[in-house]
Amino acid sequence: MLGQLRRIVQDVAQEPVLQNALAGLVTSVKHALATECCSVYLANYEQQHFMLMATDGLNPQAVGSIAIGFSEGLIGWVGQREEPINLAKAHLHPRFKVTPEVSEDNFSAFLGCPIIHHRKVLGVLTIQQAAERVFNEDEESFLVTLGAQLASVLANAEMRQAASESSPSQTQTGQLKGLPGAPGIAIGEAYVLEPANDFNAISLKRADDADKELAHFYRAVKITKAEFNRLAERMSGHLPPDALAIFDVYHQLLDAASLGREIELQIAEGWCAKSALKRVVEKFARQFDDMDDPYLRERGTDIRDLGQRVLNNLLDTEQRKIKLPEKVVLVADNVTATMLAEVPRHQLVAIVSLKGSVNSHAAIMARALGIPAVMGVNDLPLLHWQRQRLIVDGYQGHILLSPVDAICLEYQRLISEDAALNARYLAEIAQPSQSLCGKAFNLMVNSGLAIELETTNPAYTDGVGLYRTEFPFIMRSRFPTEQEQIELYRKVLESYPTKPVIMRTLDVGGDKALPYFSIVEENPFLGWRGIRLTLDHPEIFLVQIRAMLKANLAIDNLHILLPMISDLAEVDESLRLIKQASFEVSDELAIELPRPKIGVMIEVPSIMYQLPELARKVDFCSIGTNDLTQYLLAVDRNNPRVASLYDAMHPAVLRALHQFNQQAQGLQFPTSVCGELAGEPAGILLLAAMGYTSFSMNSSNLAKIKWLLRRVELSELALLLPEVLACQSAKQVRQHVQRFLEQKQLLSQLRA
Ligand code: PEP
Ligand code: MG
């Protein structure tokens with residue numbers, strides 16, 4: 001049963017044309033359940049009806065023409081109730097609607113099951129039979145399971161269809177929805193960086209020139225065989241001869257008499273080399289997967305491994321051929337810092353990441369660079385987008401595919417408006433950071449994730465409130481040496497000679513991975529992250545602290561910040577190591593070292609409840625609202641499925657921040673906020689209303705935030721605060737703040 005289900009879902013997922021996928025689906029289900037009819041209806045929300053999209057058993061002429069209203073018939077009833085309906089005598093049911101065109105007079109038994117994706121009914125799957133009987137539990141659970149598994153596949157298939165229908169030659173603009181990752185609008189060409197070895201990301205495509213595709217395939221096979229020869233040679237002293245024989249098997253599989261032959265045939269049938277490889281590898285691997293014999297079943301893995309290697313070599317030659325467009329929209333399964341570094345800054349106009357969510361680090365990087373980003377766009381076949389013109393709307397989280405000129409003009413107008421607004425903010429960048437009533441604020445920048453140093457002139461900031469040190473670690477193929485780190489940190493400290501620079505110790509784990517230090521965990525955000533990892537590796541921590549201390553020697557503006565602290569013992573251990581590093585450096589250089597101030601990130605709720613003890617141990621704290629929100633709300637900041645639940649404006653988060661500040665003020669414990677909330681207009685107003693005065697944000701937000709603070713009075717904010725703290729939802733909070741901005745006639749000047 002499980003094998004059948006998996007096969008049916010995989011077949012649907014692999015078929016590039018939705019109509020064909022559904023036609024295959026109904027026939028497979030009909031056979032698998034040995035029934036007499038299977039049909040699928042898809043919802044059309046604009047028209048408020050379900051359309052018969054495929055059937056094996058009803059009148060085939062009715063496909064594409066029979067629409068059943070959302071509140072009509074048994075199909076509409078399944079959709080309304082959002083649960084299966086199983087009837088022995090469907091035609092006698094009061095909800096039964098006579099539709100002569102479908103010719104269902106012969107059928108009595110009816111089982112309909114909704115296909116639901118993210119709470120939205122996408123369609124209805126039905127089976128029917130002549131005999132008057134209720135379908136049994138196994139049949140019902142088969143259909144329910146199939147419906148659940150099909151839901152995301154169908155949602156993707158619809159998006160794929162949208163993507164494929166928007167080829168540049170057409171006059172229709174396709175639209176895809178994701179999540180707003182970074183504000184702004186950009187028009188550019190897609191530059192797709194594919195994950196090295198993911199068959200799922202390959203969309204099936206036809207090619208005109210079979211000879212060219214064959215040559216492409218042969219070249220990849222040749223490179224792959226050479227790789228195997230090198231591998232076999234390298235392993236020959238280490239592996240027994242029977243284990244080495246696998247390389248001979250791989251060679252043979254690639255030969256013309258075996259898999260290679262099948263792939264050639266597929267290419268001759270008109271598929272491009274990648275698609276041919278995908279079709280053959282998946283077909284054979286699946287056959288092995290379904291075998292009873294465990295030895296033979298394992299061979300499925302070999303076929304996939306082999307296929308992956310050939311695919312890598314196919315993609316490698318393809319990627320090398322692609323020239324960077326003038327205006328690059330970087331599209332990738334999961335945009336990483338290394339990918340960003342591949343594109344010159346002046347050419348990069350936007351980011352589209354299929355994975356990730358609003359506060360993933362890729363989104364934060366985009367905000368740091370001041371370019372729009374759309375996240376969590378779903379598993380689309382990436383290469384399809386290569387070189388297509390895209391509009392990226394980072395405000396709405398939308399992407400327009402191959403937009404027609406009229407739409408581009410419209411968006412160009414919005415881009416110009418944004419530029420004008422920005423110019424307005426920048427005109428006041430040199431003015432004091434203070435409210436209308438004269439309350440002074442400390443506005444610092446977050447730095448480190450971007451490729452270059454920040455764009456804001458240090459003279460207009462109050463220092464660096466958060467320097468993320470991860471980037472230089474991520475960009476290398478090994479841990480940076482002490483000397484490399486000294487040079488880098490010195491450059492940052494020297495850029496702000498008279499202002500504080502708060503350097504955070506290495507905070508990897510979660511969604512930030514080091515290419516040379518793999519961490520595979522079930523729950524990476526609850527796992528080996530930040531200080532937990534570096535305390536377990538004092539050799540990494542000590543080298544970093546030594547480098548910071550040495551870089552600080554002649555400048556003396558260094559502050560050290562400890563990330564992901566959840567327990568006071570971690571603070572004690574960090575302080576002990578910092579002291580040790582300080583002694584070592586002092587001893588080595590025979591000089592007295594300035595003692596940097598040491599602070600803790602407040603991002604795990606537990607430490608908020610130990611503030612008095614914490615305040616006795618360290619000099620300051622900085623609130624990381626990005627992580628604090630995810631840990632308070634138990635919502636993964638990187639998971640698009642739960643993105644609608646992740647919101648720093650949740651009343652619980654706001655109450656926690658308010659209470660924390662009251663306590664910190666009582667203890668006279670210096671506190672600032674460095675999470676993304678501080679760079680949001682609504683966020684900064686509420687934080688200022690709570691009494692926070694020190695903030696750190698992406699430099700691309702600084703001018704706007706300063707401009708806004710200069711237009712409000714604390715007494716007005718004091719009235720707003722109790723209203724929002726009494727709200728029941730983030731949505732209500734946002735509405736309150738919006739109303740406040742509207743009343744002050746500021747809203748139209750803040751596209752946020
Ligand atoms: C935070 O968690 O709010 C923070 C500033 O750190 P990061 O986003 O790097 O996790
Ligand atoms: Mg954090």
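Start by selecting Arg387 in this predicted model. Arg387 has a relative accessible area of 35%, so it counts as partly exposed, a class that lies between the buried limit of 20% and the exposed limit of 50%. Look at the backbone on either side: Arg387 belongs to the loop that runs between β12 (373-375) and β13 (389-393).

Now show side chains and add Glu189 to your selection. The side chains of Arg387 and Glu189 make a polar contact of 2.6 Å. Then add Arg476, which is 89 residues away from Arg387 in sequence. How far apart in space are Arg387 and Arg476, C-alpha to C-alpha? Your distance tool should give 29 Å.

**Next stop: ligand 1**

Select ligand 1 and display the residues around it; there are 16 of them. Which ones come nearest? They are Arg468, Arg504, Gly624, Asn626 and Arg637. If you colour the shell by residue class, you will find 7 charged, 5 polar and 4 nonpolar residues.

Zoom in on the oxygen atoms of ligand 1 and go through these contacts one at a time:

- Arg504: a polar atom of its side chain lies 2.8 Å from an oxygen atom of the ligand.
- Asn626: here a polar atom of the backbone is 2.8 Å from an oxygen atom of the ligand.
- Asp627: an N or O atom of its side chain is 3.0 Å from an oxygen atom of the ligand.

Now switch on the protein surface. How much of ligand 1 does the protein bury? Taken alone, the ligand exposes 290 Å², and the protein buries 100% of that. The place where ligand 1 sits is the second largest cavity.

Go back to the cartoon view and pick out α11 (361-369), β16 (464-468) and α20 (625-633), each of which gives at least two residues to the shell around ligand 1. The largest share comes from α20, with 3 residues.

**Into a helix: Asn313**

Select Asn313, and then the helix that holds it, α9 (residues 294-321). Is Asn313 buried or exposed? Its relative accessible area is 8%, and because anything under 20% counts as buried, Asn313 is a buried residue. Add Thr224 to see a partner: the side chains of Asn313 and Thr224 are joined by a polar contact of 3.0 Å.

**Over to a strand: Lys120**

Lys120 is part of strand β6 (residues 120-129). With 43% relative accessibility, Lys120 is partly exposed. Select Ala43 as well, which is 77 residues from Lys120 along the chain. What separation do you find between their C-alpha atoms? It is 9.7 Å.

**Last stop: two loops and their backbone angles**

Select Gln48, in the loop between β1 (37-44) and β2 (49-56). Display its backbone and check phi: the angle is near 60 degrees, a positive value in a residue other than glycine. Gln48 is partly exposed, with a relative accessible area of 44%.

Finish at Gln668, which you will find in the loop between α21 (651-666) and β21 (671-673). Phi of Gln668 is positive too, near 50 degrees, and again the residue is not glycine. Where does Gln668 fall, buried or exposed? Its relative accessible area is 72%, and since the exposed class starts over 50%, Gln668 is exposed.

Definitions and conventions. Residues numbered from 1 in each chain as written. Chains lettered and ligands numbered in written order. Predicted model: local features only at pLDDT ≥ 70, side-chain atom pairs only at ≥ 80, totals over all residues. Heavy atoms only, no water. Near = heavy atom within 4 Å. Polar contact = N/O pair within 3.5 Å; in protein donor to acceptor, adjacent residues only side chain to side chain. Areas by Shrake-Rupley, 256 points an atom, 1.4 Å probe, with all protein chains shown as cover. 1 Å grid on protein atoms, 1.4 Å probe; cavity = no way out; pocket = protein on both sides within 12 Å on 5 of 7 lines; lining within 4 Å. Sits in = over half its atoms within 2 Å of the grid points. Helix = DSSP H or I, 4+ residues; strand = E, 2+ residues; numbered from the N terminus. Nonpolar A, V, L, I, M, F, W, Y, C, P; charged D, E, K, R; others polar. Buried < 20%, exposed > 50% of the residue type's maximum accessible area, 1.4 Å probe, protein only.
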